[in-house]
Amino acid sequence: TPDRAPAGPGGPDPSRAPIAPEAPLVRTNSVADAWRGFLEALEGLAPSLHAVVAKRGRLAEFQGGAATIKLRALLDEERLLLESKRNQKTCSRAFTQAMGRKIEVAFDDASAARPGADDPFTEEVRDLFQGRIEE
């Protein structure tokens with residue numbers, strides 16, 4: 001049927017399955033419960049992706065139909081894994097499964113931001129002392 005994901009060498013691709021609300025794993029509105037439910041669902045869909053998200057991520061925002069996962073201290077191979085649109089869809093599917101309603105997941109890589117790079121105060125101090133910003 002068109003609703004089923006095509007099976008590949010390792011079985012069905014969880015990112016290609018339709019994102020549809022199901023019976024929720026989480027029965028409260030608690031953000032902590034939503035995070036636990038998401039991780040539980042993700043572990044069932046993609047164990048290696050779960051390992052990275054559980055170790056490096058935290059739920060930064062969760063409102064309506066959107067969740068933002070803030071990531072920190074990513075290794076290069078972990079960053080590549082999480083930049084994949086397929087894996088982002090898999091995370092959205094896991095959150096949808098956990099909450100019983102459609103949730104779109106976005107990642108925020110905190111390790112990619114340079115502290116002070118765009119901070120007006122830091123730039124003012126740099127200019128005042130004729131210095132430069134180093135990491």
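## What is tucked away and what shows

Of the 135 residues in the protein chain, 33% are buried. Keep in mind as you look around that this is a predicted model. The chain exposes about 8,800 Å², and carbon and sulfur atoms supply 51% of that area.

What about contacts between parts of the chain that are separated in sequence? Take the contacts between residues at least 6 apart: 59% of them join residues at least 24 apart.

## The order of the elements

How many helices and strands should you look for? The secondary structure comes to 5 helices and 5 strands. Starting at the N terminus, you'll meet them in the order β-β-α-α-β-β-α-α-β-α.

## Helix α1 and its neighbours

Helix α1 covers residues 31–45, which makes 15 residues. From its first C-alpha to its last it reaches 21 Å, close to the 21 Å expected at 1.5 Å a residue.

Which residues of α1 are buried? They are A34, W35, G37, F38, L39, A41 and L42. These buried residues pack against two other helices, α2 (47–56) and α4 (85–99), and also against the strands β3 and β4.

## The β3–β4 hairpin

Those two strands are worth a look of their own. Strand β3 (residues 57–63) and strand β4 (residues 66–71) run antiparallel, with 6 bridges joining them. To find one of the pairings, go to G57, whose bridge partner in β4 is L71.

The two strands form a hairpin with 2 residues between them. In the turn sits G64, with a positive phi of about 55°.

## An odd backbone angle at A73

Keep going past β4 and you get to A73, in the loop between β4 and α3 (76–83). Most residues other than glycine have a negative phi. A73 isn't a glycine, yet its phi is positive, near 55°. As for its surroundings, A73 is partly exposed, with a relative accessible area of 48%.

## Salt bridges

Side chains of opposite charge can pair when their charged atoms come close. In this model the count comes to 6 salt bridges.

R79 takes part in more than one of them, so it's a handy place to start. One of its partners is D76, with the closest N and O atoms 3.5 Å apart. R79 and D76 both lie in helix α3, 3 residues apart, or about one turn of the helix. Is D76 buried or exposed? D76 counts as exposed because its relative accessible area is 58%, over the 50% cut-off.

R79 also forms a salt bridge with D109, where the closest N and O atoms are 2.7 Å apart. That pair links distant parts of the chain: R79 is in helix α3 and D109 is in strand β5 (residues 104–109), 30 residues away. D109 has a relative accessible area of 18%, under the 20% cut-off, so D109 counts as buried.

Another salt bridge brings together the side chains of K102 and E104, at 3.8 Å from N to O. Both ends are partly exposed: K102 has a relative accessible area of 46%, and E104 has 38%. Back at R79, salt bridges that share partners join D76, R79 and D109 into one network.

## A nonpolar patch on the surface

Which residues make the nonpolar surface patch? V125, L128 and F129 do, and the patch is about 330 Å². V125 is found in helix α5 (residues 120–128), and V125 is partly exposed, with a relative accessible area of 30%.

Key: Residues are numbered from 1 along each chain as its sequence is written. This is a predicted model: local features need pLDDT of at least 70, side-chain atom pairs count only at pLDDT 80 or more; totals for chains, interfaces and linings use all residues. Side-chain values use heavy atoms; hydrogens and water are left out. Patches are made of residues with over 30% relative accessible area and no salt bridge: like charges are joined within 9 Å, nonpolar side chains (Val, Leu, Ile, Met, Phe, Trp, Tyr) within 5 Å. Accessible areas come from the Shrake-Rupley method with a 1.4 Å probe; for residues, only the protein chains shown count as cover. A salt bridge is a side-chain nitrogen of Lys or Arg within 4 Å of a carboxyl oxygen of Asp or Glu. Helices (H or I, at least four residues) and strands (E, at least two) are DSSP runs, numbered from the N terminus. Buried means under 20% relative accessible area, exposed over 50%, partly exposed in between (1.4 Å probe, protein chains only). Two strands pair if DSSP finds at least two bridges between them. Contact means heavy atoms within 4.5 Å. The expected span of a helix is 1.5 Å times one less than its number of residues.
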